[in-house]
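Visitor: Could you take me through one part of this structure up close? I'd like to look at the place where the two chains meet, and then follow one chain inwards from there.

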Amino acid sequence: MRILVVEDDAALASFLQKGLEAEHHVVDVARDGEQGRSMALGIDYDLVVLDLNLPGVDGLSVLRSVRQRKVYLPVMILTARGRVEDRVQCLDSGADDYLMKPFSFLELSARARALLRRSHSPSESLLRVRDLNMNRVERKVERAGRPIELTTKEFALLEYMMRNAGRRLTRAMIIEHVWNLTFDSTTNVVDVYINYLRRKVDDGFPTTLIHTVRGVGYQLSADGAVA
Amino acid sequence: MSASVHSYPRPERDQELLGDLLHSLSQPLTSLRCNLELSIDEVTEQQQQSVSAALQQTETVIGMIQLMREYLDVEPGEVEHAAALTPVLRSLGENLSSIAAVRSIRLRVLGTSAAKVRVTESRLRLALQYLMLALIDRQPAGSEITLLLTEGAAGTVLRAQCDRSFLDPESRSAEKGRDRPAQRDSVRATMRRVRLAIASRTLNAAGAALSLDDGAPGFVLRIPHMD
């Protein structure tokens with residue numbers, strides 16, 4: 001996919017470019033609003049990641065210009081403004097998503113994938129990672145043909161991990177997406193639920209799918225590892 | 001960002017200055033966090049421990065900045081929204097009961113009310129989340145927390161009752177069953193106090209009256225009828 005990053009902070013722009021390129025995207029960077037608007041309108045992108053606070057033409061003006069000419073181009077806003085009114089203004093102006101600084105790159109990457117998926121394919125009712133299968137409509141999970149009974153929260157956690165298979169997920173991302181709560185770094189609920197899932201999904205199978213990523217969080221491995 | 005701070009009265013000026021400071025801090029912190037996240041796979045195993053520790057410290061700082069931002073964002077008397085109390089409380093109760101269950105604590109939400117609170121739904125949710133998490137955090141394993149909604153002539157009362165006394169910090173650490181540095185417990189206690197202050201400020205700004213008796217297990221929230 002081809003992604004445009006419009007960000008005036010050189011260090012941050014460079015980290016975003018490096019991270020997104022490592023995920024096999026082609027990434028262009030614009031350092032101000034005028035350049036960003038010109039590139040977004042002139043080049044065929046799959047996603048625009050747009051900082052709101054830009055020198056010259058601000059991010060909101062760029063967003064409005066893009067929305068007038070490219071209705072379906074996904075735009076993710078980055079901003080240090082966290083007020084509800086700012087968020088509402090961005091979404092009303094046509095932003096598809098909104099990420100507040102200081103964000104995690106892993107969060108940005110996950111949201112970028114969701115936007116790209118939304119614009120390219122219908123929502124999947126069946127998820128599959130190796131021999132693990134989930135039917136989201138019937139709310140059934142089985143591994144290698146063996147049914148797995150999950151509680152509502154366990155199901156939601158596994159669904160989130162399967163949707164992001166092969167990607168690292170922080171505890172904050174998990175608690176915000178699965179529990180819909182603001183992350184509290186002192187709670188260990190994520191670790192506890194990961195253990196519940198491990199017992200049901202990995203125990204008794206030769207290949208483990210759920211892995212701890214030290215210092216980061218967890219990952220459902222798409223390629224697996226021998227237990 | 002403020003163009004001219006001198007045109008505001010002092011409290012608002014201080015708030016604006018602090019807001020600008022937090023806004024400025026978020027940019028380098030985003031770069032730092034993204035850099036550490038992307039570096040973790042590029043360094044040796046020995047260096048990974050250092051990067052991982054630096055990432056955790058960075059996330060603690062970011063968590064504190066987020067709390068300061070939430071505290072500053074409460075603006076009395078300017079909110080035109082009104083959020084229904086019962087659905088927010090019930091939805092939170094469902095999400096938080098799975099967190100409480102990890103420590104064998106039973107969380108119940110009883111009663112119903114048509115009360116609305118003069119605050120956005122997301123802010124009401126955040127305030128109640130902080131109040132309820134503080135209770136869960138300080139209750140001993142095996143205890144029970146009841147949130148009871150009652151309606152009276154003057155308005156609605158939400159009473160949180162616990163069947164045991166709060167844990168002291170030493171018992172809490174012992175219950176955790178792992179070595180927890182004193183500094184971490186201190187950070188945890190500070191963050192809990194700030195969260196309670198945010199909850200109190202948010203609810204008081206919305207016209208409700210929150211009684212928090214420090215040391216006593218529970219709280220009382222009184223919500224007058226809206227005009």
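Guide: Let's begin with a term we'll need: a salt bridge is a side-chain nitrogen of Lys or Arg within 4 Å of a carboxyl oxygen of Asp or Glu. Keep in mind that what you're looking at is a predicted model. With that rule in hand, two salt bridges turn up across the interface of chain A and chain B. One of the salt bridges joins the side chains of B:Asp41 and A:Arg168, with 3.0 Å from N to O. That N-to-O value of 3.0 Å fits the rule because the cut-off is 4 Å.

Now zoom out to the whole contact. Chain A puts in 40 residues and chain B puts in 42 residues. Between them, the two chains bury about 3,700 Å², and 53% of that is on carbon and sulfur atoms. There are also 12 residue pairs in polar contact across the interface, counting pairs with both residues at pLDDT 80 or more.

Which parts of chain A supply at least two residues each to the side that touches chain B? They are α1 (10-22), α5 (105-120), β10 (168-170) and α8 (189-201) of chain A. The largest share comes from α1(A), with six residues. Sorted by class, this side of chain A has 18 nonpolar, 12 polar and 10 charged residues.

Let's follow α1(A) inwards, to a sheet. This is an open sheet of five strands in chain A, in the order β2-β1-β3-β4-β5, with parallel pairing. Strands of a sheet pair through backbone hydrogen bonds, either parallel or antiparallel. At the edges are β2 (26-30) and β5 (97-100) of chain A, each pairing on one side only. Neighbouring strands here are turned by 20° against each other on average, direction ignored. For a closer view of the pairing, take β3 (residues 47-51) and β4 (residues 75-79) of chain A: they run parallel and are joined by four bridges. In that pair, A:Leu50 has A:Ile77 in β4(A) as its bridge partner. And α1(A) itself packs on this sheet, touching β1 (2-6), β2 and β4 of chain A, with its direction at about 170° to that of β2(A).

Past the edge strand β5(A), look at the loop between β5 and α5 of chain A, where A:Pro102 sits. The peptide bond from A:Lys101 to A:Pro102 is cis, with omega near 5°. Why point that out? Because most residues other than glycine have a negative phi, and most peptide bonds are trans.

Chain A has another open sheet to visit, this one with four strands in the order β6-β7-β8-β9 and antiparallel pairing. Its edge strands are β6 (126-129) and β9 (146-148) of chain A, each pairing on one side only. From one strand to the next, the twist averages 20°. Strands β8 (residues 140-143) and β9 of chain A pair in the antiparallel sense over three bridges, and A:Glu142 stands opposite A:Pro147 in β9(A). A helix goes with this sheet too: α6 (residues 152-163) of chain A lies across β6, β7 (132-135) and β8, running at about 115° to β7(A).

In the loop between β7 and β8 of chain A you'll find A:Arg139. This residue isn't a glycine, yet its phi is positive, about 55°.

One last stop, back with salt bridges. Over all chains, a search of the whole structure finds 23 of them. Among them is the one where the side chains of A:Arg143 and A:Asp202 meet, 3.0 Å from N to O. This pair links distant parts of the chain, 59 residues apart: A:Arg143 is in strand β8 of chain A, while A:Asp202 is in the loop between α8 and β11 (207-213) of chain A.

Methods. Residues numbered from 1 in each chain as written. Chains lettered and ligands numbered in written order. Predicted model: local features only at pLDDT ≥ 70, side-chain atom pairs only at ≥ 80, totals over all residues. Heavy atoms only, no water. Contact = heavy atoms within 4.5 Å. Buried area = accessible area lost by both parts, 1.4 Å probe. Polar contact = N/O pair within 3.5 Å; in protein donor to acceptor, adjacent residues only side chain to side chain. Nonpolar A, V, L, I, M, F, W, Y, C, P; charged D, E, K, R; others polar. Pairing = 2+ DSSP bridges. Axes fitted to C-alpha atoms, helices over the stretch in contact; angles between N-to-C directions.
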